[in-house]
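Please find below some brief notes on the fold of one chain and on how it meets its partners. They are set out as numbered points.

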Amino acid sequence: MTSDLIFDVQNVTLRFGGVISLSDVSLNHKRGEILAVIGPNGAGKTSLFNSLTGVYQPQEGSITFFGRNAKPISIIGKKAHRVSTAGVARTFQASRMFSALTTFENVKIGAESHRGIGVLGAMVKGPATRRGEKMSDARTIELLDFVGLRDKANTISASLSYGDRRRLEIARGLATNPQVLLLDEPAAGTNPAEKIQLTQLIRKVRDEMGVSILLIEHDMKLVMALAERLYVLNFGSVIAEGTPDEIRANAAVVEAYLGSTTSDAEELK
Amino acid sequence: MIASFWRNPHARRLGISIVAIAVLELMTGPPGNSEAPTAGIRESFLEASSFFGLFRTARWVVFFFVAILMFAIWTLLLWKGSRIRSGISSVLAAPRAASQRRPVRWGVGLALLVLAFMMPHIETDPFWQAAMVEQIAVYVLLAIGLNVVVGFAGLLDLGFVAFYAIGAYTTAWVTGALPTPPPFHIHFNPFFAIPMAIGIAMLAGIILGAPTLRLRGDYLAIVTLGFGEIITIFANNLYGITGGSQGSNPIPHPSLHLGPIHYVWGLKPVPYYYLTLTFVVIFLVAFSLLEHSRVGRAWTAIREDEVAAESVGINPLKYKVMAFAIGASTAGFAGVVTASQSNQIFPSSFTLQFSINILVLVIFGGMGSIAGVVIGALIIQTAYSFLLHSPPQGYQPADLYMYLGALLVIMMIFRPAGLVPSRRRKREIRLSESGEGHMDEVLTGDTP
Amino acid sequence: MGAFGHYLTGHLATLRLEFWSLFVGGVANGFLYGMIAVGYTLVYGVLRLINFAHSEIFMSGGFGGYFVMKALIGSSVPSGMATVGLIVLGIVVGGTVGALVATLLERVAYRPLRRRNAPKLAYLISAIGASYFLFNLAGKEFGRYSLSMPQPYINHPVFTIFGATVQLYYIVIFIAGVVMLFSLDRVVATTKLGRSIRAVAQDAETASLMGVNIDRTIALTFIVGGALGGAAGFLFGLGTGVVYTMGFVPALKAFTAAVLGGIGNLRGAMIGGLLLGVAESLSVVFVQAAYIDVVAFGILVAVLLFRPTGILGERLGRAA
């Protein structure tokens, strides 16, 4: 039963001082699924992401990640880099690339971060280092092709457009060979054409690479088109779960959105 | 009235020129003392001086002339600056493009290396031969080492001297020159001190680094500052171990007996020069390979955005500790050279001033740029040796740190990426200034 | 009971015996640390960076006071109102020189970088450079040796408390420290300047939208912090003398105090100063005098590692 899950989140509570950011959140993410978490601003979506990736440490509850070969791994208490090594990749709300480096270098850093370090080898550029470099280069080019950034490989990443930055972040995440890719508002700041391409890319990641997708998004159109199942967060709690059609029909969700911004609620309809 | 005067851009430029030159006048003037605190200041302005060899006059006249000249050049640059600048860059475009090409870089590097090896035969003055080791080669080595910490990993280490001291005291220890007996009571040849000093300095780097490198950058600076100071306190007070302020006993010179090769380093500086130069070359090659390896890229990633780096599986602490240990190892080796060459070591040689001195070499040359720090170190240390060799009137050796301090401020205002900037670093600074990137978060921990 | 137990009992007996006299000395040092620490905390509040050159503000205040004392005190030791007048004058001059140096520092080493929105690393390096420049310039102009300050009084014991004698020097520090720190606290809590400082500390962008002049507030913050640091320099010099390198160790400790209380937190800096002063003073019983600086440094590292927000927590706005 559990083997078909990728994330199993049980009763997670996260506090900052007296402020409760997540309260008793439970959710599950099936392997191979495109799952979305929606909710108004400040509902705790990014807190949830940061808890799933080891950036925040929730005080209560458990987060189990079923990694390679469905091996269960407890996320809470793990550092962010360990979570990444276990097979969780992510993008950030406001893109966080290594902005002074080229597109190629950005992805390559992701591709090579999981191998042992080998400083001495690097200092003499030994055969193992050369082999590693060659492998990372090949993998990087493959991924740049996959996301469609091959022609911008040598561009400094800070000068990429918003849409390209998202692609870059996705490629960098994929370079770490993840089981699941967490996307934090991938459509923010992109134009309609880029949005369509992004939707296609995300689907392609799941279909061709078999990577499960968990995304947070404000853009309802994109979510409804892409997600197979949704969770709705409000004030740090899960208030609804279901398929896009079920969510559209859910009164509590409409209520939550009417309480925040009408335009979002309009989109929901 | 003063405010409105200050708002006039011409008057402002004139004012700044005069004040800047007046400060320079003070810096180059004769020293004062506490009995007559104003004497140094007064004489800085009033002392007789030659007006560019034309006639004799008071210093302030000369400097006032320089200030006016500075104002004139500044105004000219503002007026026609863009044209002059574009002219200069078009003239420089060809050599700059050439310098990017690999064969050219290798050629220049090789030529410099040959020159470096010939140097003791070109310059045979004993002062300069000693300076080549003690003031230049060793400092180049140290600058390359600190560059790994400050330039590559972006960690402001103000306690670099600690590892240098550890290297020097390890040498004294293994050769039996400390009150505490050497390991296994064997008096080693200082040659064996090289691996041991490098190892112990690295170990110290790891021990200090593992807990403190979690701290944000500005706190780390203060902690390393304190650590450098504490090493001096221990060296000064642990009489039974270090010999206290009296210093160590005489340290023997290294000798090499490798099969048919027998060589004894003596009091002459030249053999030490070659020894140091060899290591400089080794470290240069190793560190530039490192910079362009995955380790170097990981350092860049951490420096730019630690959170993003972690999200792709880079363990920041591990890489930072590694940078610290690698930097420490070069300082440790430099300590061996200094100890075995100077014969005796004292706690008073290992001061905070030393750490800052090395930092200036890195900042001036261009942090993160290996060629830059080598050039920076060569320029500053050669200038320092010149001042030591034939000090101009009014100059005291300790004044050096005043100039170095001023140089740091000037570099940060006008050329923060250094004389020969690393391209990555320059880009980072520019991006950070335009609000891109997350460099500050890493430094001050202002995570949102 | 083992050897260590024996060692501990012996030292605890000494501690019991010497406690109050060490305590009094520690409080006096603590006030000085507190006066320097508020400078770090104020600047941290408005600029979010550690003013590495604060030590030289302290040093220049010391020299300012030294030259006034040297000029005004003749061969006979003053007494009565003359003493009071001289001390007040020394504090005022020390404070003025400190404020002046702080202003120059802000203008030359910080403001050009702020205009350019430079990375924080540049500020740190610039401040380190300024610090090196300033103290070595002082060394060049005033000599590189320690100078004892002409005393405006005879430092006799005034009264005893729990068997500890309290000397006049300590009383001067107590009074000056209490008056200055209390006034600073009131200034930050009640005046318009204080409100601006707190507003900038909380959120510089919003503050500037609300009509607070950021440049002016930052400049005034440097002046206030510099004045207290300079005055502390004079008071320190009165007891220990002045030398161009005098700023380094007290400033490192004051920084420890500021972190101990929670950097950016005004009252935290004052309390941190007193705590550090007393802790350091009492540690004399357990370690050799030469290692006292090591104790302070150990406290700094421990606080940074285990409670980096300090006792009262960060943020200027919240505390005052």
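**Notes on chain B and its contacts**

1. Chain B is built from 19 helices and four strands. The model is a predicted one, and the points below should be read with that in mind.

2. On overall dimensions, the radius of gyration of chain B is 24 Å, which agrees with the value near 22 Å for a compact globule because the chain has 448 residues. Along the principal axes, the C-alpha atoms of chain B occupy a box of roughly 75 × 60 × 45 Å.

3. As for packing, 46% of the 448 residues of chain B count as buried. Of the contacts in chain B between residues at least 6 apart in sequence, 73% link residues at least 24 apart.

4. The contact between chains B and C draws on 48 residues from chain B and 44 residues from chain C. On the chain B side, the elements that give two or more residues include helix H3 (37-46), helix H8 (190-212), helix H9 (217-237) and helix H15 (352-365). H9(B) gives the most, with eleven residues. By class, this side of chain B has 29 nonpolar, 13 polar and six charged residues.

5. The contact between chains B and A takes 28 residues from chain B and 30 residues from chain A. Helix H11 (269-291), helix H12 (294-304), helix H13 (306-311) and H18 of chain B each supply at least two residues to the chain B side. The largest share, seven residues, comes from H12(B). The residues on this side of chain B are twelve nonpolar, seven polar and nine charged.

6. One element deserves a second look: H18 of chain B gives two or more residues to the side that touches chain C, and H18 also supplies at least two residues of the side that touches chain A.

How values were computed
Residues numbered from 1 in each chain as written. Chains lettered and ligands numbered in written order. Predicted model: local features only at pLDDT ≥ 70, side-chain atom pairs only at ≥ 80, totals over all residues. Contact = placed C-beta atoms within 7 Å. Nonpolar A, V, L, I, M, F, W, Y, C, P; charged D, E, K, R; others polar. Rg over C-alpha atoms; globule rule 2.2 N^0.38 Å. Buried ≥ 20, exposed ≤ 12 C-beta atoms within 10 Å, placed from the backbone.
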